[in-house]
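Subject: Structure handover

Hello,

Here is the structure for your files. My notes on it come after the model.

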Amino acid sequence: MLNPYLLRNELHLTARKLLKKGYKLDVSAISSMEDKRKKLQIQTENLQFKHNTLSNLVRESKIIKNENESLKDKVIQSGKDLDASKIELDNLKKKIHYFSLCIPNIPSDDVPEGNTSKNNKEIKYWGKKRQYDFMVQDHITIGKKFNELDWKSSAQISGSRFVVMKGKIALLHRALGQFMLDLHTVDHGYIETYVPYLVRPEALYATGQLPKFSDDLFHINYVNKKNYILIPTGEVPLTNLFYNQIIDEKDLPIMLTAHTPCFRSEASSYGRDTKGLIRLHQFDKVELVQIVKPEKSVEALEKLTNHAEKVLQLLKLPYRKMLLCAGDMGFTAVKTYDLEVWFPSQKKYREVSSCSNMNDFQARRMKARYRKKSKKENLFVHTLNGSGLAIGRTLAAILENYQHSDGRIEIPKILQKKYMQGLEFIN
């Protein structure tokens, strides 16, 4: 969440900055609540002082019995007044807290203005698009032709937006995950981490998916038992490893990676990409998370994005790097790069990775701090995350970009020997 200082002392400036993200802050509502909070805070402090003073008088009093009894009555009443004021103040603080949870992060000054993907800024293009002298097929047709992307069986088992993979395509899917993990751990220095796929709601509040995006999540409710939610991304459990933690400064930065399934109801994307591997309810992803000192997060975002780009470069998949405009960024991000891989069947680039810097937005929600020895104080860390990469979308891009006129699918050389049992083609 935002630093409370901004809402208390720089409210109108904060409201103007949030407009860049398309969010209209209810200034009158937060002002009213904050004014009331200040008055209740003073009232509670005064009642506490009065109660303490009367209590001390009772303990130290040597006056006659009937006057002492009268004083005790005043102590009892002051205690009741104090408790009532504390309850009212606590309820108001909870209301302000929930209000704050619904406010998005403020975009960085170097983020372009705009509300749609048309306003995103092209940073660079990489790779050469292949030229085909035959009719290019999409990955859905290719998967059906090989009978290794089975949409019919998955629909019978689970409904739409699921897939069953078989044979060499299933092997390629597994190989991509292994390749990405090896690259990020061996070459880039991330620590491989195995995490739970079911989390408590508190974890999703901490990383910003709740309360706003509840409809996009899969909730698991047991009668008389705790509620769980299936993770929409590995970012959630990885980042929450530092919930209410104080990290030693010498241990930063912390770089973690995990290969997890991701579960999304896609309620907000109704009608889009209903076929194929682009927008599934269940898909696999290799996630990258960094926990850094505040002064390092700008540099860390560039490095993290480069790590994700390296996957596409080694697979020799043409892509472009986009700096998202303020209105197209996620709720928690101050700055985001999208990596979009080329899909020849659609003649367009499609997102395969999103890399974001959240500054201290998530850290404040989950009280993740580090101990700064030089100043003997605890400061909030900055958090970053990105896909390195979404495996299903990367698989789809390979099937399309590496197809041959005779129907074979060439396997990227980086995968052939080590990850694909020596196979050069899927026949």
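The notes below go from the whole protein to a pocket and then to single residues.

Overall picture

Please keep in mind that this is a predicted model. The protein holds 13 helices and 18 strands. Along the principal axes, its C-alpha atoms fill a box of roughly 105 × 45 × 40 Å. Of the 427 residues, 50% are buried. I also looked at contacts between residues at least 6 apart in sequence: 73% of these join residues at least 24 apart.

On the surface side, the protein exposes about 22,000 Å², and 50% of that area is supplied by carbon and sulfur atoms. The charge count gives 69 positive and 49 negative side chains. The centres of those two sets are 0 Å apart.

The second largest pocket

I went through one pocket in some detail, the second largest, with a volume of about 500 Å³. It is lined by 21 residues, and those closest to its centre are M1, P4, H97, S100 and R364. Five helices each give at least two residues to the lining: helix 1 (4-9), helix 3 (27-60), helix 4 (65-101), helix 8 (201-207) and helix 11 (361-366). Helix 4 provides the largest share, with 5 residues.

L324

L324 sits in the loop that runs between strand 11 (319-323) and strand 12 (335-343). Is this residue buried or exposed? L324 has a relative accessible area of 3%, and therefore counts as buried, the cut-off being under 20%. Leaving aside residues up to four places away in sequence, L324 touches V111, P112, N120, M329, T336 and D338. For a sense of distance across the model, the C-alpha atoms of L324 and V58 are 65 Å apart, and the two residues are separated by 266 places along the chain.

Cis peptide bonds

Two cis peptide bonds are on my list, and you may want to look at each in the model. One joins L210 and P211, with omega at about 10°. P211 belongs to the loop between helix 8 and strand 6 (219-220). Another joins G388 and L389, where omega is about 20°. L389 is part of strand 16, which covers residues 382-390.

Positive phi values

Which backbone angle stands out at N359? Its phi is near 50°, a positive value in a residue that is not glycine. N359 is placed in the loop between strand 13 (348-357) and helix 11, the helix that also contributes to the pocket lining described above. With a relative accessibility of 25%, N359 counts as partly exposed.

Q421 likewise is not a glycine and has a positive phi, of about 55°. Its loop lies between helix 13 (413-419) and strand 18 (425-426). Why does Q421 count as exposed? Its relative accessibility is 61%, and the cut-off for exposed is over 50%.

To recap the local points: L324 is buried, N359 is partly exposed and Q421 is exposed. The cis bonds to look up are L210 to P211 and G388 to L389.

Regards

Key:
Residues are numbered from 1 along each chain as its sequence is written. This is a predicted model: local features need pLDDT of at least 70, side-chain atom pairs count only at pLDDT 80 or more; totals for chains, interfaces and linings use all residues. Side-chain values use heavy atoms; hydrogens and water are left out. Helices (H or I, at least four residues) and strands (E, at least two) are DSSP runs, numbered from the N terminus. Buried means under 20% relative accessible area, exposed over 50%, partly exposed in between (1.4 Å probe, protein chains only). Contact means heavy atoms within 4.5 Å. Accessible areas come from the Shrake-Rupley method with a 1.4 Å probe; for residues, only the protein chains shown count as cover. Lys and Arg count as positive and Asp and Glu as negative; His and the chain ends are not counted. The place of a charge is taken as NZ of Lys, CZ of Arg, CG of Asp or CD of Glu. On a 1 Å grid over the protein atoms alone, a cavity is a set of points where a 1.4 Å probe fits but cannot get out, and a pocket is an open set with protein on both sides within 12 Å along at least five of seven lines; lining residues have an atom within 4 Å of a point. Grid points are joined across faces, edges and corners, and a volume is the space filled by probe spheres set on the points.
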